[in-house]
Every structure is written in C-alpha cells, then in structure tokens.
Amino acid sequence: MSPRKQTAGAKTPVGPVRTVEPGHIFQMYRKMLEIRECEDQLNTAFSKNLFPGYIHSYLGQEACAVGVCSALRDDDYIVTTHRGRGHYLAKGMALTPMICEMFGKANGICGGRGGEMHAADPALGILGGNGIVGGGIPYATGAAYSAVLNGSDQVAVAFFGEGASNQGSFHEAMNLAAAWNLPLLFVCENNLYAEMTPFSASSRQVDVARRAEGYGIPGEVVDGNDVLAVYAAAEAAVARARSGAGPTLLELKTYRYGGHFQGDPCHYRTREEEAEWRARDPLIRLHAHILSQNLSSESELDSWREDQKAQVAAAIEVALSSPDPDPNEALSFVYAS
Amino acid sequence: MTMKNYCWALIDAINEEMARDPDVFLAGEDVAAAGGAFGGSRGLLAAHGPLRVRDTPISEEVIVGLGVGAAMTGKRPIVEIMFMDFFGLCMDQIVNQAAKMHYLYQGAFKMPMVIRTMTAVEMGIGPHHSQSLEAWVGHVPGLKVVMPSTPRDAKGLMKSAIRDDNPVVFIENLALHKIKEDIEDEEFLIPLGKADIKRAGRDVTVVATGLMVHKALAAAEILSQEGIEIEVIDPRTISPLDVDTIVASVRKTNRALVVTSAHKPFGLASEVAAQIMDHAFYDLDVPVARLTPPFTPQPFGKGFEAFLHPDKASIVAAVRELMA
C-alpha cells in the first residue's frame with residue numbers, strides 16, 4: 001500500500017503536539033517505511049510460495065514498535081512475540097539476516113533454526129521472539145532484574161498482544177515487576193483480535209491498561225497508530241523505569257491489517273472496520289504531519305520510500321539466492337560446552 | 001572432614017558459589033526470610049543480602065522466567081520451584097524457553113541457570129507433593145537433570161550445576177535431607193553426567209536413583225549374606241546419562257535391575273533398560289528387570305506408599321529372581 005496515495009484518508013492528525021527534533025521524526029518515518037515495505041514484500045513473496053512456514057504480518061502496527069524503540073538505547077532489552085519483525089527492525093536488527101531467517105536460510109540470523117517467529121541479537125538487547133503467546137513476558141523480568149543487580153539504568157520491554165494479556169504469564173510477570181519495582185515496560189499492542197477471536201469475547205474489561213491498577217502500577221491507553229504519541233508515552237515510562245520508579249503498562253490501540261497469519265480470510269471482522277482503521281494508518285498520519293509542519297517535501301518522502309523498497313527487495317533477493325542450512329548443523333548447539 | 005547432612009551440604013554448595021561468583025543469585029518462594037520452606041537456604045540472606053537471595057510471589061512461571069531472562073543477560077540464577085509437582089505451572093519457561101535458547105540462537109545466549117526443586121516421594125504428603133517426575137525434563141534436549149542421593153554428591157553436583165552454562169534441573173530428595181556423611185572441608189566438584197558405583201559387586205548390576213540408592217544398598221547387605229554381590233550404580237545425573245558406566249558394569253555382571261521411584265512407562269528405568277539393550281544385549285544372561293511403583297497417582301493414607309514403592313525386600317526378591 002502506498003502511503004502517498006492515501007494521504008487524503010489521514011483524518012486524524014498525529015499528536016500530542018510536543019517538540020521532537022525533525023531528524024528524530026525522520027528516523028521514525030524511515031523505520032516505519034522499512035517495516036511497511038518488509039511486511040508488504042514478505043507477504044507477496046509468501047503468497048508466491050517463495051518460503052515455507054507462516055507469516056504473522058506486522059502491517060498496520062508499525063507505529064507501536066517504532067514509537068517504543070525510539071525511546072530505547074541499544075543496551076536496553078526487548079522481548080517480543082510471534083509478530084516480532086517490527087520490533088526487531090525498530091531495535092536495529094540488520095534487515096538482510098533477518099529476512100534470510102524468515103526464509104530459513106543458512107545465513108539467517110539464527111542460521112535457519114528459528115524461522116518467522118524467532119530472531120535475536122544480544123548486542124542490540126533483542127532477546128528473542130516467541131512461538132508461545134505470552135511466553136516472552138516472564139523472562140523480560142529476568143532481563144530487568146539483571147539491570148537491577150548490576151546497578152545499571154537499563155530497562156527491559158516486553159512486547160505482547162492483548163491476547164497474551166489473558167495468559168497467567170502476563171499477570172505473574174506484572175505482579176512480580178510491580179512488587180520488585182523492576183525497570184520494565186509492559187507494552188500491549190491491542191490489535192483487537194487474539195488470533196481470530198475479538199478481545200471483547202474474552203475480556204469484560206475493554207482496556208488492557210486498566211489491569212495495571214490491580215497491580216498498583218501506572219497503566220495508560222495510547223493511540224498506537226500515532227507514532228509520536230507512542231514515543232511520548234514510552235519516553236515517559238522509560239524515564240520512570242530508569243529513575244527507579246518501576247514498571248508501566250502501556251496499551252497501544254492499533255490494528256492488524258492482515259489476519260492472524262497470511263492467508264487468514266478474516267471472516268470474523270468487517271471490511272468496514274478494516275477501512276476505518278486504514279484511514280488511521282500510522283504512516284499516512286506521520287507523512288501528513290511532516291508535510292503540514294513543512295519539515296520535508298513530498299518528493300523527499302517519496303525518495304525515502306523508494307529507498308526502503310529497494311533495500312527490502314535486495315534483501316529478499318539475497319534470501320532467495322542463499323543456501324539452505326546444512327542439515328547436519330541440526331546436531332550442534334544443543335548444549336553449551 | 002565434617003559431618004554434614006544433605007540439606008546443609010546443599011546450603012554450603014550454594015553459599016560457596018555465591019561467595020565465589022557475584023553473578024550467582026537465588027530466588028524462589030520462602031528462600032530468603034524463611035530460609036527455605038524446609039530450611040534449604042538457611043543463612044544465605046544474611047550472607048549475601050536481599051538482592052541476591054530473594055523471596056518471590058507464588059508464581060512458578062515467572063520464577064523460572066526470571067531465571068531465563070537473567071541468565072540470557074549475564075547472570076547465573078538459581079531459581080527454586082519448591083516441589084517438582086509444581087512444574088506443571090512453569091513448563092513453558094523450562095521446556096520452550098530455557099531449554100531452547102542456546103540451540104535456537106546458535107550459542108548467542110548461554111543459559112547458566114539452576115532450577116532447584118524437590119521430590120518428597122515417600123514422605124506422606126499425598127498426590128501433589130510426592131511425584132518423581134524426572135522423566136518430564138529428561139526427555140527435553142537442552143536440559144540437564146541432576147538427582148543426587150548423598151550429601152557429598154549433592155554438594156559437589158550443585159556446585160557443578162551452578163557453574164554449568166546450561167539449564168540444570170536439580171532434584172533434591174526431601175526424604176534424604178537429614179542423612180549425614182563426612183564431607184571434606186576442601187573445595188571439590190562432582191562432574192555432571194558421571195555415575196557413581198556406590199557398591200561394587202560381580203553378580204547383578206542394580207541401577208538406582210535417589211531414595212532407591214539407599215534401599216538398594218540395604219538390600220545388598222542381605223544378598224551378600226546369601227553370597228550374591230550386587231553392584232549398585234547411582235547415575236546421579238539423569239541427563240546426560242552415564243551409559244558407559246552402566247554398560248561396563250553389565251558386561252561384567254551379565255544381569256541388570258533398574259529401581260526408581262518413578263513409573264515404568266517412558267521413564268528412567270525404561271531408558272536404562274533400552275540403553276543396556278543397545279549396548280550390551282549379547283552380554284545379558286536374562287532380560288533387564290525394572291522395579292518401580294505401579295502406574296498410579298500417589299494416594300495419601302497410611303500404608304499406600306509402603307504398598308506401592310519398591311523396598312529392600314522387593315529389591316532382594318527381584319535380584320534373587322535374576323539369579324535364579
């Protein structure tokens with residue numbers, strides 16, 4: 001989908017209005033473009049059977065990963081989910097080894113062992129994706145506790161969806177983090193559907209953020225399609241965590257353009273609902289903001305998009321021409337020696 | 001040498017390793033202020049402070065998760081799950097997270113964590129505190145599983161487990177907590193994956209774990225008076241299993257009995273029998289025998305445990321049958 005073509009649909013401006021350096025806004029926009037292009041082109045490649053497994057698309061949720069990770073340092077930790085590519089890229093993972101992993105190739109970031117739901121980079125504090133809904137949240141507490149034991153001001157972020165907020169792991173982790181005052185952000189991207197079941201069918205409470213009250217920590221609902229709003233909320237929560245004031249639960253209201261996975265017919269939701277959310281597209285809104293503030297020109301923004309498109313295409317070309325793993329490699333790394 | 005019981009030998013091991021390496025910490029239910037629900041961490045809070053010896057909520061999944069994340073980021077956590085029966089609450093973190101991180105990310109993360117837990121088999125505490133579930137974790141690649149039967153083994157194996165870069169499930173036996181043994185005062189380690197011959201013998205190899213080691217040794221005394229000398233082998237580590245020591249013994253004795261507190265189906269007794277078949281089939285004079293409790297949950301009332309579990313007499317009988 002082209003952000004430019006849909007500019008007219010940008011009914012809701014970005015906000016709140018606060019001073020963010022144009023250079024920082026541009027970085028966020030370019031990162032969102034990278035994720036958008038990555039997801040678009042991977043969907044296309046998957047539909048042509050160019051790689052095996054599944055695709056859990058991040059399309060539509062780009063502002064969540066980018067807004068939060070823009071408030072983090074390289075040495076902060078993130079733990080993510082089966083829908084983690086946005087987080088990997090936003091935290092700085094290199095595009096080509098990540099895409100090669102999606103294709104299960106030998107030069108993938110996990111040597112083809114992980115596939116679409118798993119990637120990590122210790123140097124960037126990326127502590128992995130997960131095939132288990134809610135499986136990552138508990139160990140985010142351990143990363144945060146390492147920071148406490150080291151006396152550092154690092155923070156950890158657990159990304160998850162509203163579906164995972166019904167797992168016991170979420171509640172156990174939030175309670176521990178609150179009781180121990182851990183430097184941990186719980187970031188719930190509420191895209192309204194837990195796999196194929198609407199959140200309204202599995203929770204009487206419509207706002208996940210309100211669950212924070214039960215644990216005595218701040219919880220905040222944020223427009224997850226407004227990258228500057230996400231960034232502002234994350235920055236404040238990160239500052240609280242770094243200062244020793246403990247965890248925060250952020251609920252980012254957003255929408256998953258694709259289904260649970262690529263190929264899901266989405267018969268459980270309406271085309272009207274999809275159109276409403278596409279009118280609030282995070283890229284279109286930031287694009288409109290940049291132009292309305294005269295921060296950049298349409299032609300420059302176009303050139304960035306073309307640039308990201310070309311980089312993703314080149315990475316996919318690399319993946320297509322890369323070797324599969326040597327099956328004998330399956331026997332290595334079972335144990336650390 | 002100092003006389004130590006099994007429980008204090010474990011406390012000594014953890015205390016020494018915490019003093020040696022500031023990255024080691026202990027977290028679990030009642031481990032700090034209470035000194036352990038069964039006294040297994042007495043004195044550690046005072047010695048190492050509240051950040052490194054920490055009480056957790058009763059939240060098994062996040063207790064293990066705490067260890068996983070801390071291990072991935074450079075710490076050497078010991079996380080305690082009070083009874084192994086509670087593993088049902090935290091198996092995702094053990095099986096899907098801890099066990100696979102090193103493999104999945106090709107060694108980018110090490111997972112130096114100990115999951116300290118306990119079986120209270122034959123302690124009369126009923127169906128949710130008495131199970132011997134080592135097969136659950138022995139089946140999972142990436143995990144190591146330790147199950148010591150003596151104070152000295154407990155200490156040396158715990159120190160090795162803490163220094164190991166893999167997730168180690170360390171199963172204590174509550175029924176053995178008060179047994180005593182002279183332990184050297186100098187530092188020592190016992191390597192993971194190495195069985196110990198608790199009693200040498202020529203006639204029958206008896207592989208036993210945990211509480212059953214002591215029952216097998218008692219049976220050996222009776223059998224010896226009949227002229228039957230059994231060789232009692234304690235694997236000490238369930239995974240990796242020291243197959244070489246077991247097979248070497250069977251090649252000598254040509255007969256084997258495996259005795260465990262765990263059930264037969266898919267369990268350690270069956271695995272040891274299969275390993276002997278794989279490596280020493282033609283050395284066997286008779287089929288490998290397995291002596292275990294029947295395939296039932298553990299009921300509470302007096303008399304049930306004695307009825308269900310192998311004892312000295314049933315081990316003697318099983319050995320006599322192999323010799324017949």
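**Figure 1. Cys266(A) lies in the loop between β7 (248-253) and α9 (271-278) of chain A.** Helices (H or I, at least four residues) and strands (E, at least two) are DSSP runs, numbered from the N terminus. The phi of Cys266(A) is near 60°, a positive value in a residue other than glycine. Most residues other than glycine have a negative phi, and most peptide bonds are trans. Cys266(A) is partly exposed, with 16 other C-beta atoms within 10 Å; a residue is called buried if 20 or more other C-beta atoms, placed from the backbone, lie within 10 Å of its own, exposed if 12 or fewer, and partly exposed in between. This is a predicted model, in which local features need pLDDT of at least 70 and side-chain atom pairs count only at pLDDT 80 or more, while totals for chains, interfaces and linings use all residues. Residues are numbered from 1 along each chain as its sequence is written, and chains are lettered from A and ligands numbered from 1 in the order in which they are written.

**Figure 2. Glu195(A) is found in the loop between β4 (193-194) and β5 (197-198) of chain A.** Although Glu195(A) is not a glycine, it has a positive phi of about 55°. Glu195(A) is partly exposed, and 13 other C-beta atoms lie within 10 Å.

**Figure 3. A cis peptide bond joins Ser239(B) and Pro240(B).** The omega of this bond is about -5°, and Pro240(B) is found in the loop between β12 and α9 of chain B.

**Figure 4. Helix α10 (residues 268-280) of chain B has a buried side and exposed residues on the other side.** The buried residues of α10(B) are Leu268(B), Ala269(B), Val272(B), Ile276(B) and Ala280(B). These residues cover an arc of only 105° around the axis, taken from the directions from the helix axis to the C-beta atoms, and this puts them on the same side of α10(B). On the other side of α10(B), Ala274(B) and Asp278(B) are exposed. The buried residues pack against several elements of chain B, including α6 (134-138), β10 (204-208) and β14 (289-291), where a contact means that two C-beta atoms, placed from the backbone, lie within 7 Å.

**Figure 5. Chain B meets chain A through a contact that takes 34 residues from chain B and 33 residues from chain A.** On the side of chain B that touches chain A, the elements that give two or more residues are α3 (60-72), α4 (91-98) and α5 (101-104) of chain B. Among these, α3(B) gives the most, with nine residues.
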